[in-house]
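Colleague: I would be grateful for a close look at the cysteines and at the packing that surrounds them. Please treat the matter as one connected account.

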Amino acid sequence: MDLRIEELFKKVTDAAARMQGVANRTPVMTSRTLNERLGAEVFLKCENFQRIGAFKFRGAYNAMSRLSDDERRRGVITFSSGNHAQAVALVGRLLGIKTAVVMPQDAPVIKREATEAYGARVILYDPRERSREAIAKELQQQHGYTMIPPFDHIDVLTGQGTSALELSEQANGIDMLLVPCGGGGLLSGCAIAAKGMNPGCTVIGVEPELADDATRSFYSKTLQTVRNPPTIADGTRTPSLGQLTLPLVLKFVDVMATVSEDAIKEAVRVLFFRMKLVVEPSGVLGLAALLSGKVPAKGRVGVILSGGNIDGPTMRDILAG
């Protein structure tokens, strides 16, 4: 893979042009209270207001809109705990492509129901017994589907990176960017966008302490894995970074940090009570790192709030805490 920033950044800008008028240009929110608390200017990129309620729509649309007529006819398969599942299902409906999604049986009900409502066939599995990738590959071979993975695909990750491109434009430049990390698609795409806009921007990936595989991979420079981590941030339960995202994260990300489960819940509460924003646990990791002091805020700080798909009981339990 070509790791030159010029070539990769062009893929992000091409993706932005491709999805203009289709993906939402999500708002950037600020809070004087937050700025005073952190001693910096903080800009929150609200991907909870993206179509399907998360940044995943960007990558799915960028990748699926580029499929050939033959690939579209064969249909698309993916594997996802929820947000990418919904994104692929919705894009399939928009583009007239049949879709199938391999999803863990413990995925949030709200995400599974939305995926089915968009028209996808959902195949449930027990993550303690089998891997979602293996099941998806078997079905791909049986039915001839085209695979659109959730992060380890150049069109997916550069599409996801358009969120940081927009944020930088809307905030008139940023000095630091904090991005949630699961499989590294959003993080690597946003790092490409941020460095393309400002080579001096410090890019920080944030994971739960209970799902710290990417952080360990980053500092050891070798791929580390974690199996079914018990974190409330369900979107980060990916076993590891991918073959594409690992080298991209190593090249374009400056720091990796982890946050506790308590810090994640506190960030959800702050956004809800202070800013009236509903953001899922996976989506608040960057803000959790700032609020907990894991990452000191400096200058103009961008934070990707990656999604807002949280079910009622989970939100009730967090708010009650």
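**The cysteines and the packing of the interior**

Modeller: In this predicted model, the sulfur of C190 has its closest cysteine sulfur in C201, at 10 Å, which is too far for a bond. Taken from the other side, the sulfur of C201 finds its closest cysteine sulfur in C190, again at 10 Å and too far for a bond. A disulfide requires the two sulfur atoms to lie within 2.5 Å, and by this rule the count comes to zero disulfides.

Both cysteines are nevertheless enclosed. C190 has a relative accessible area of 0% and is therefore buried; C201, at 1%, is buried as well. The limit that matters here is 20% relative accessible area, under which a residue counts as buried.

C190 leads directly to the question of the nonpolar cores. The largest nonpolar core has 37 residues, and L178, L271, V301 and V303 are those with the most contacts inside it. Helix 13 (residues 261-275) supplies the largest share of this core, namely seven residues. A second, separate core holds 33 residues, and C190 is included in it together with F55, V203 and F218.

F218, in that second core, has a relative accessibility of 7% and so counts as buried. Its ring also has a charged neighbour: the charged end of K221 sits over the ring of F218, 5.3 Å from the ring centre.

The aromatic rings deserve a word of their own. A pair of aromatic rings is described by the distance of the centres and the angle of the planes. The structure holds three aromatic pairs. In one of them, the rings of F57 and Y61 have centres 6.0 Å apart and planes at 20°, so this pair is stacked. F57 and Y61 both belong to helix 3 (residues 56-64) and are four residues apart, about one turn of the helix. Both residues are buried. F218 and Y219 form an edge-to-face pair, with 4.9 Å from centre to centre and 90° between the planes.

From F218 one may step back along the chain to V206. The two residues are twelve places apart in the chain, and their C-alpha atoms are separated by 12 Å. V206 is found in strand 8 (residues 202-208) and, at 0% relative accessibility, counts as buried. Leaving aside residues up to four places away in sequence, V206 touches ten residues: L178, V179, P180, C181, M256, A257, V259, L285, G286 and A289.

L178, touched by V206, is one of the residues with the most contacts inside the largest core. L271, another of these, is in contact with L44, K276, L277, V279, V284, L287 and L305, its neighbours within four places in sequence being set aside.

Strand 10 (residues 300-305) completes the picture. It is mostly covered, with five of its six residues buried. Strand 2 (residues 41-46) runs parallel to strand 10 and is joined to it by six bridges. Strand 7 (residues 176-180) also pairs with strand 10 in the parallel sense, over three bridges. V301 in strand 10 stands opposite V42 and also opposite M176. V301 is itself among the residues with the most contacts inside the largest core.

How values were computed
Residues numbered from 1 in each chain as written. Predicted model: local features only at pLDDT ≥ 70, side-chain atom pairs only at ≥ 80, totals over all residues. Heavy atoms only, no water. Phe/Tyr/Trp six-rings, centres within 6.5 Å; stacked < 30°, edge-to-face > 60°. Helix = DSSP H or I, 4+ residues; strand = E, 2+ residues; numbered from the N terminus. Buried < 20%, exposed > 50% of the residue type's maximum accessible area, 1.4 Å probe, protein only. Lys NZ or Arg CZ within 6 Å of the ring centre and 35° of its normal. Pairing = 2+ DSSP bridges. Contact = heavy atoms within 4.5 Å. Core = buried A, V, L, I, M, F, W, Y, C linked by side-chain atoms within 4.5 Å.
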